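Got the viewer open? Here's a short tour to follow, one selection at a time.

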Amino acid sequence: MLLWIILACLTAAVLYGLLRPLAGGRGNDPARDAFNAAVYRDQLVEVESDRARGLIGEAEAEAARIEIARRLIAADGKESAPDSTNGSFPAKAAMIVVAVMLPVTALALYLTYGSPRLPDQPLAIRLQDPTNEQNLAALVARVEARLREHPEEGEGWEVIAPVYMGWRRFGDAAQAYAQAIRLLGPSAQRLSSQGQALVLKNDGVVTEEARKALEQALALDPTLLEPRILIAIAKEQDGHYAAAVEDWRALRDKREDAAWREMVQKRIEAAEAHLNGAPRADPGPSQADIAAIERMAPAERQAMVEQMVQGLAARLEQEGDDLPGWLKLVRAYSVLDRKEDAAKALARAKSQFSRNTQAIEQLDALAAELGLKS
């Protein structure tokens, strides 16, 4: 606001300088007035001389004297009056009104129809704005350049980390969160996000580094859901099914929707089957699983999907004769935009069912649907 006031004052000053000559007229020139008075006095002498020589009559001489005397009096008055270059009062008033009201009116219009109170858009929001991908990429490039020059700016790392997550640059995201934690200090959300990035970086495997970050996040905020889900998955991956069952049972009541409960119940049943020595085949995510996953936060959803897909791929390595499983795996890789993995899975499936014409036809149809080379 101070800037606009200063600009308004400067505008008024400029207008005053421009309008002042227009309001003031030509003004008085003392030397010229004195010269005119001398000329009129000489004219009076000439009139008297012409009357004495009979060149003009008395009436004419009197009329000439009166006119010259009037002009002489006017010239003497200007010569003795104080200088006034500002013109008449109405002209000066008009000048002042224009000089003041023009910038004031412009400022009032801006305050009414402009956006003087609109705050600067934070960098985090601009980075997450998907409306212009090209501008977003340019903005991210500038932030990255800034961080290369000033790597100790923790706010920059914290801002750019979620962008890396959205772009599936999970390794860069994990590193950015690590830098933010180092510079800004650990928080539940930063640690949770770092753990999720590490899990996604490793295709759904909860590494020891990821586990530590997730456990620290829960220690700071036990209400967070994402770390608890990933820790339960980590226990399954480590073969600690009893502990995983306890975690899943605790998570089952954390959400009210039926799809979530159904998905968690399947995890419980699968872990209990392992405890009983009869591992259940992992069919991959069902429609109910997908419905439940869709209600999760983006990072949480991504981690859950990646873990499910990894489990399905691991099972198919052992039980390769499951055609529906291969179809689900190829489709899942495609949905996750892992085209190379989808193509590899398709090739493995076609090799597995090379003698099954109907299976090959289904695989080719799926490849055509997904735009994969078969």
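Helices here are DSSP runs of H or I with at least four residues, and strands are E runs of at least two, numbered from the N terminus. By that count, the protein chain has 18 helices and zero strands. Keep in mind that you're looking at a predicted model.

**The whole chain**

Start with everything shown. The protein chain has 374 residues, and 35% of them are buried. Switch on the surface if you like: the accessible area comes to about 22000 Å², with carbon and sulfur atoms holding 56% of that. As for how the chain meets itself, take the contacts with a separation of 6 or more: 56% of them are between residues 24 or more positions apart.

**The largest nonpolar core**

Next, select Ile160, Met165, Val206, Ile229, Trp248 and Leu251. These are the residues with the most contacts inside the largest nonpolar core, which has 45 residues. Which elements give two or more residues to this core? Colour α6 (133-149), α7 (154-166), α8 (170-184), α9 (188-201), α10, α11, α12 and α13, and you have them. Helix α8 gives the largest share, seven residues. In soluble globular proteins, nonpolar side chains tend to be buried together.

Zoom in on Val206. Leaving aside residues up to four places away in sequence, Val206 touches Val199, Arg211, Leu214, Leu230, Ile233, Ala234 and Gln237. Apart from this core lies another one, of 23 residues; to find it, select Leu336, Ala342, Ala345 and Leu363, which are among its members.

**A stop at Ser192**

Now go to helix α9 and pick Ser192. Is Ser192 buried or exposed? Its relative accessibility is 1%, so Ser192 counts as buried. Show what surrounds it: beyond residues up to four places away in sequence, Ser192 touches Leu214, Ala217, Leu224, Glu226 and Pro227.

**Salt bridges**

Time for the charged side chains. The whole structure holds 16 salt bridges, and a few of them make good stops.

Select Asp238 and Arg211 as sticks. They form a salt bridge, with the closest N and O atoms 2.3 Å apart. Asp238 sits in the loop between α11 (226-237) and α12 (241-252) while Arg211 is in helix α10 (residues 208-220), so the pair ties together parts that are 27 residues apart in sequence. Asp238 is partly exposed, at 39% relative accessible area, whereas Arg211 is buried, at 14%. You've met Arg211 already, among the residues that Val206 touches.

Move on to Arg267 and Glu236, whose closest N and O atoms are 2.5 Å apart in another salt bridge. This pair links distant parts of the chain, with Arg267 in helix α13 (residues 258-275) and Glu236 in helix α11, 31 residues apart. Both Arg267 and Glu236 are buried.

Which residue meets Arg249 in a salt bridge? Select Glu272: the N to O distance is 2.6 Å. Here helix α12, with Arg249, is linked to helix α13, with Glu272, and the two residues are 23 apart. Arg249 is partly exposed, with a relative accessible area of 41%, and Glu272 is partly exposed too, at 26%.

For the last stop, select Glu144, Arg169 and Asp172 together. These three are linked in a network of salt bridges.

Technical notes: Residues numbered from 1 in each chain as written. Predicted model: local features only at pLDDT ≥ 70, side-chain atom pairs only at ≥ 80, totals over all residues. Heavy atoms only, no water. Buried < 20%, exposed > 50% of the residue type's maximum accessible area, 1.4 Å probe, protein only. Contact = heavy atoms within 4.5 Å. Areas by Shrake-Rupley, 256 points an atom, 1.4 Å probe, with all protein chains shown as cover. Salt bridge = Lys/Arg side-chain N within 4 Å of Asp/Glu carboxyl O. Core = buried A, V, L, I, M, F, W, Y, C linked by side-chain atoms within 4.5 Å.
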